[in-house]
2 protein chains.
Amino acid sequence: MGEDARVSADAGTHPFDADTAVRRLGDGRFAATISRNWDTPAGPNGGYSLATVVRALGQALPHPDPFAVSATFLRPVDHGDAEVVTEVVRSGRRLSVGEARLVQAGTERVRVVATFADLDAMGGPTRDLSVAPQMPDPDRCLLPAEPELAPTEGAPFTIGQRFDYRMPVALGFARGEPSGRTEFDLWMRFREPRDPDTWSMPSFVDGAPPAVMEIGELASTTVELTLHVRRRPAPGWLAMHIATRHVIGGYHEEDVDVWDSTGHLVAQSRQLALLPLR
Amino acid sequence: MGEDARVSADAGTHPFDADTAVRRLGDGRFAATISRNWDTPAGPNGGYSLATVVRALGQALPHPDPFAVSATFLRPVDHGDAEVVTEVVRSGRRLSVGEARLVQAGTERVRVVATFADLDAMGGPTRDLSVAPQMPDPDRCLLPAEPELAPTEGAPFTIGQRFDYRMPVALGFARGEPSGRTEFDLWMRFREPRDPDTWSMPSFVDGAPPAVMEIGELASTTVELTLHVRRRPAPGWLAMHIATRHVIGGYHEEDVDVWDSTGHLVAQSRQLALLPLR
């Protein structure tokens, strides 16, 4: 996995850090700017918007790591100016809890409740009950085919330029032949060099190709996304396990487990999302 | 599964309905009483408290079914008087979103954000990508051994009297021999006859025996619980699939999938919880 020396680069200059930056306005309010660098065909990626909200909460709460984050997506997030309005709900010794609202043009777009912790000061027992995805090293995996990076012709899809993906087997949707297999593994990292950290987990879990692509669905709208960050990730690639097991009345869950380059689970997410209505 | 004719009994007289009842006070506030009928050794079961909050939200929001519910547990819930303070966050055609705070003695105990929907008016496609747990019928399964109903000597454990459980294989912890197998299936229903519905899902998913019992842990404290109710359950038993795959620094997730008596998935939950510190 060492073909590219990841650097924990000057954080301020990486697009993720620049595009999720927030500026304190006082009274728990923060200014943010929603960039065009993380777009899906439907607009700014939800995980990117959420990462911006989480950074504001990180400035409002005393603990260093987002630990359990639940986001309810109320209305589409637009490019441009945004305000994140935070509230400290509880500040304890081990955990703190905050709430945040992403507001644009006077309208709330996303509501987030997040518990923060210090992942270096957990103290309790660890039991290995599960193993990381078994994949060849990233340099022995497949690069994504071009259609995956631009699934909708003419539509902006800038988030495809933000991440590197490596697949152990070709995903069917890239060849126009969805496999029906809605559970798969792949490697993922930022394309512009930057190691993963707890702050970038919202963007990684929602930036992975959705499993419903393998049943011919190219996009869905997130209703609710919960992320549990369980460990601080080691430098290098992330191994993503992606699964959708139930499509019911147009809604599906998407579960993502994230493992770091040392084979440790670092995050789990589940979202409930709505397929496009036809 | 028909050895006991479930009746959708006079809802008002069933302990679940009586104990989760709320009374509108005005301005989005509701009065509730936290009962002693749903106690674990550590106090009122979190799923029961959450079900009470969800009932209040159901009175505040226009849609009939809790659909995506995320609860952050801030402080222990006590027996007795409680107030649920609700806010309508968004009221749309397909979905509505509310927030609620369970307050006792002037202190917030639980914060909930919930999306409501009409499960009978989903409209989109359904794809069967997964199958229900394969278990013998409940009357060919095992009754729980007594120690499961009273794992802590002398402590009240009234929730054990609220539910019937049937196991296809004996769980090790009941014999004092935890199996290490933290993924298992069982049948579950209310002991006092009452069919399952969307309102009771919080109580079912958190009233199931936790998978960490099979690694010798009898209790844990929920930090965050997210529940997605995906279908209206049919009458009869519920098949529960319970799994913990990662215990890290004392924290574990607990995933519960709920299937109804016709073999359809009706709900999924995940919680992040803290094992007792020693």
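**A note on the interface of chains A and B**

1. A good place to start is one residue pair: B:Arg230 makes a salt bridge with A:Glu253, and their closest N and O atoms lie 3.2 Å apart. Please keep in mind as you look around that this is a predicted model.

2. That pair belongs to a wider set of charged links, since 8 salt bridges are found across the interface of chain B and chain A. Polar contacts join 26 residue pairs across this interface, counting pairs with both residues at pLDDT 80 or more.

3. Which elements of chain B should you look at on the side that touches chain A? Those giving two or more residues include strand 5 (65-73), strand 6 (80-91), strand 12 (221-229) and strand 16 (265-274). Strand 16 of chain B gives the most, with 7 residues. By kind, the residues on this side of chain B are 21 nonpolar, 19 polar and 17 charged.

4. Now for the overall extent: 57 residues of chain B are in contact with 57 residues of chain A. The two chains bury about 5,100 Å² between them, and 58% of that is on carbon and sulfur atoms. Here B:Arg230 comes up again: together with B:Ile248 and B:Arg270, B:Arg230 supplies 13% of the area that chain B buries against chain A, more than any other three residues.

5. Finally, do have a look at the strand pairing between the chains. Strand 9 of chain A (residues 127-128) and strand 14 of chain B run antiparallel and are joined by 2 bridges. Which residue of strand 14 of chain B is the bridge partner of A:Arg127? The partner is B:Val247.

Terms used: Residues are numbered from 1 along each chain as its sequence is written. Chains are lettered from A and ligands numbered from 1 in the order in which they are written. This is a predicted model: local features need pLDDT of at least 70, side-chain atom pairs count only at pLDDT 80 or more; totals for chains, interfaces and linings use all residues. Side-chain values use heavy atoms; hydrogens and water are left out. Contact means heavy atoms within 4.5 Å. Buried area is the accessible area (1.4 Å probe) that two parts lose on being put together, summed over both. A salt bridge is a side-chain nitrogen of Lys or Arg within 4 Å of a carboxyl oxygen of Asp or Glu. A polar contact is a pair of N or O atoms within 3.5 Å; within protein, one must be able to donate a hydrogen and the other to accept it, and residues adjacent in sequence count only if both atoms are side-chain atoms. Helices (H or I, at least four residues) and strands (E, at least two) are DSSP runs, numbered from the N terminus. Ala, Val, Leu, Ile, Met, Phe, Trp, Tyr, Cys and Pro count as nonpolar, Asp, Glu, Lys and Arg as charged, and the others, Gly among them, as polar. Two strands pair if DSSP finds at least two bridges between them.
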